Amino acid sequence: MTLGRIALARIPATRGTIHRLFSTTLSSSSTNRTSPPLSRHMSMKSDNLVSKLTSSGLLKTQGLIDGKWVDAHDGDTIKVLNPATGEVVANVPCMGQSETNDAISSAYDAFRCKKLHTEPTVQFSKMLASMPSEGNDTWMSPLQYDLLISHKEELGQLITLEQGKPLKEAMGEVIYGASFIEFYAEEAKRVYGDIIPATLGDRRLFVLKQQSHEFLQPVGVVGAITPWNFPLAMITRKVGPALACGCTVIVKPSELTPLTALAAAELALQAGIPPGVLNVVMGKASDIGDALLASPEVRKITFTGSTAVGKKLMAGAAGTVKRLSLELGGNAPCIVFDDADLDVAVKGSLAAKFRNSGQTCVCANRIIVQEGIYDKFADAFSKAVQSMQVGDGFSEGVMQGPLINEAAVQKVESFVEDAIFKGAKVLLGGKRHSLGMTFYEPTVISDVTEAMLLSRQTKLEVLVSDWGLIQVYNGACCGLHFLFRSLKYFGLHSVDISSISFWEEVFGPVAPLLRFKTEEEAILMANNTKAGLAAYIFTNNVQRSWRVTEALEYGLVGVNEGLISTEVAPFGGLKQSGLGREGSKYGMDEYLEMIYLLYPDEICLLRRHEQKMRFKVCYQFAAHNHKVIWIAESVQSRPFEYEA
Ligand code: ADP
C-alpha cells in the first residue's frame, strides 16, 4: 500500500535502536554515528589506565578467530568511546560477512573434531589434554572462572571505561558474570536423561542428552549476539552453558563495548580453550548477523537485545531452522501496595529502577503505587533518588554513571518532554546533568498515565513524507516540537517512510510514578503491555503476594526485593520479551539435543551369534565411534558386553 509518494512501512522498535533500524548496512563510519559525536583524545588519567590495561595483556583490540587475534580483512576499524568523557579508548576491527564466515568455519571444525572424534587418539586427546578438565565432556575449565575472578579489577575497569557504569557495579558484574562459568562447569556433571515407562511390555524407552557415556549431545555451533549494558555477564550467561555442553561459539559483542568481550576471550585462551571453540567478531552488526543466520553450520542463535532485532533474527533463523534463545526488551512494573513496608519498597524500587542508570531490561519502567501510600512513597523515593551521586564511574562514591551515548540521552529527553506535555509533574531532575556529555539527572516524575511514552502504553504512529507532512495516529497527541525532535532523533527527517509505529522503553534514569486504587486495577495496568520479563511487588500481605504473583504475566517476579537476577535461577520472559531461559539448570537444555531411543527388551541380534540364552538389557549403553556397544546382563549369568 502506498500513500501518494509514500511507501508504507511499519517498523516496531525498542530500546536505543530505532535510529539503527533505518540505517542500511552499517559502515564503520555509520557505526560511529550511533556514539556521541564528541570523541576526544585521552586525558592523562585515562591514558595511564589504558597503559596499565595494555601491559596486563587484557586490552585486546583484534577479533579472535581460530585461536588467533586478527584484524578486519580490509583493515577497517571502529572507535570504542568512553561515554563519560567521549575519549577514544581503542580502535577495534570493523568486521563483516567474510570474517564471520571464517569464524563459523573454525567453530564448525572445532565442533566436528570433538563430536565425531575424527582423530580420536591423537588430535582429540591432545585437545582435551590441553584443558585442565581432562576427561570431562565439556570445553569448560575451572580455570576460566578463577581467571575471571582474579582479574576482577581490570575487567571492571574495562567495563567502566567502555560502558560507563560505576566501578563497584562493574566489578559486581564481573562476579555475576563469572558465576555463570562456575555454575555451568559444575552443571555439566548433572545432565540427566530419562527412562519412560513403555506402553508395550516388550520394549524400553529412553531419553538421552548424551551421545556417549563421556559426551553430552550439544546442539552444535552457536552464534551469541550480546548488548552493551552488561558487556561481560550477557556473554558468560550464554557462553557458559554452551561450552559446558560441548558447543563451539561465535560471540558478537556490541560494537559499543567489545573490549570486555575480547579480554574475557583472552582469559579463555589462557585457560587453555582450544582454537576455534570460542571466536569473537564485531563490526557491521547486520552483516555479521546475516552471515550467522545464513550458515547451515550455525545451529543456534542466542541473543540479548532489542525486540526489533530479536524479531529480525527470528525471521532470519527460519531459513535454516535454527534453534533460538531470545532475551528481549521488558517493561517492568513495580507495584507498591498500601500495606508495603515503606523503607523496603523505597530501597527495592530504587535498586530495580536505577541499576546501571536505568539501562537494563529488568529495570522498573513503571512504578505503580496505591493511592493510600502514593504521596508518602513519592516523597521518600525522591529523597533517596536525590542522594545518589552522579559522575564518572571511576570517581569514589558515584552511583549513577553516564548513559551509553548521545542518542540514548535524546530519547530520555523526548520521553520526559512527552510526559510533561501530557500533564505529568517532575518531582526531581528532568534534564541533562550539569556534568554535560551523556549524563542525565536521576529523575522522578509523578502523575504519569498509561497514555505517556514513559509507561510505554502508547503506541505512537506517525505518517511522514519527504515533503514534511506529518500526522499522528492512535490518540498519541504530542506537541509538534516533540514530534520533530523524535523524528530527528530517529533519523527520519530524510527518510521516505509513510507510517511508523513503535513501543519504546525509556532505558534511562527516569522513574515514572503511576497511581492505582485496587489490586485488580494494578494487575491490569501491570499486564497491559506486550512485554513480560520482570515484575516487582511490594506488600506485607502474604496472600496478596501469591495472588498477584500468579496473576502477573511475567517470567521473573521479585516480592519485596528489587535485585533478583542470579546464576542459579532461570531468567527469561513471556510474551514478546523472548524465548527460552538463561541461567540455572533450565538454561542448560537450550544448548543440548534430546534423543529418544526405543529398543526391544530382548536383544534379537544375539540369536545371530547363536546365543541361546535370553538377555535382558539392564543398565547402560553407549554410542562410540559409530558402533553400538550393548552392555547387557544375562538373567542367568554375570554382565556381558556385545558389540554390533
Ligand atoms: P540495544 O538497544 O541494547 O543496543 P540492539 O538489539 O540494537 O539493542 O543490539 C543488541 C546486539 O544486537 C548488539 O550486539 C548489536 O550490534 C546487535 N545487532 C543489532 N542489529 C543487528 C542485526 N541486524 N543482526 C545481528 N545483530 C544485530
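## One helix, two sides

Start with helix H3, where Met44 and Ser55 are exposed. On the other side from these two sit the buried residues of H3: Ser46, Leu49, Val50 and Leu53. Those buried residues share the same side of the helix because they cover an arc of only 95° around its axis.

So what do the buried residues of H3 pack against? Their partners are strand E6 (88-93) and helix H7 (152-163). H3 itself runs over residues 44-55, and its 12 residues reach 16 Å from the first C-alpha to the last, close to the 16 Å expected. After H3 comes glycine 57, with a positive phi near 85°.

## A seven-strand sheet

Now look for the open sheet: seven strands, ordered E16-E17-E21-E15-E14-E22-E23, with mixed pairing. At the edges are strand E16 (425-428) and strand E23 (556-559), each pairing on one side only. From one strand to the next, the twist averages 25°.

Zoom in on E16, which pairs with strand E17 (residues 443-446) in the antiparallel sense, over three bridges. Here lysine 425 stands opposite serine 446 in E17. Helix H13 (residues 342-354) lies across E14, E15, E17, E21 and E22, running at about 165° to E22.

## How far to trust it

Keep in mind that this is a predicted model. The mean pLDDT of the protein is 81, and 74% of its residues reach 70 or more. Over residues 491-502, though, the pLDDT is below 50, and the model gives this stretch 54 contacts beyond near neighbours in sequence. Residues 604-644 also stay under 50, with 70 contacts beyond four places in sequence.

Technical notes
Residues numbered from 1 in each chain as written. Predicted model: local features only at pLDDT ≥ 70, side-chain atom pairs only at ≥ 80, totals over all residues. Heavy atoms only, no water. pLDDT = per-residue confidence, 0-100. Contact = heavy atoms within 4.5 Å. Helix = DSSP H or I, 4+ residues; strand = E, 2+ residues; numbered from the N terminus. Expected span 1.5 Å × (residues − 1). Buried < 20%, exposed > 50% of the residue type's maximum accessible area, 1.4 Å probe, protein only. Arc of directions from axis to C-beta. Pairing = 2+ DSSP bridges. Axes fitted to C-alpha atoms, helices over the stretch in contact; angles between N-to-C directions.
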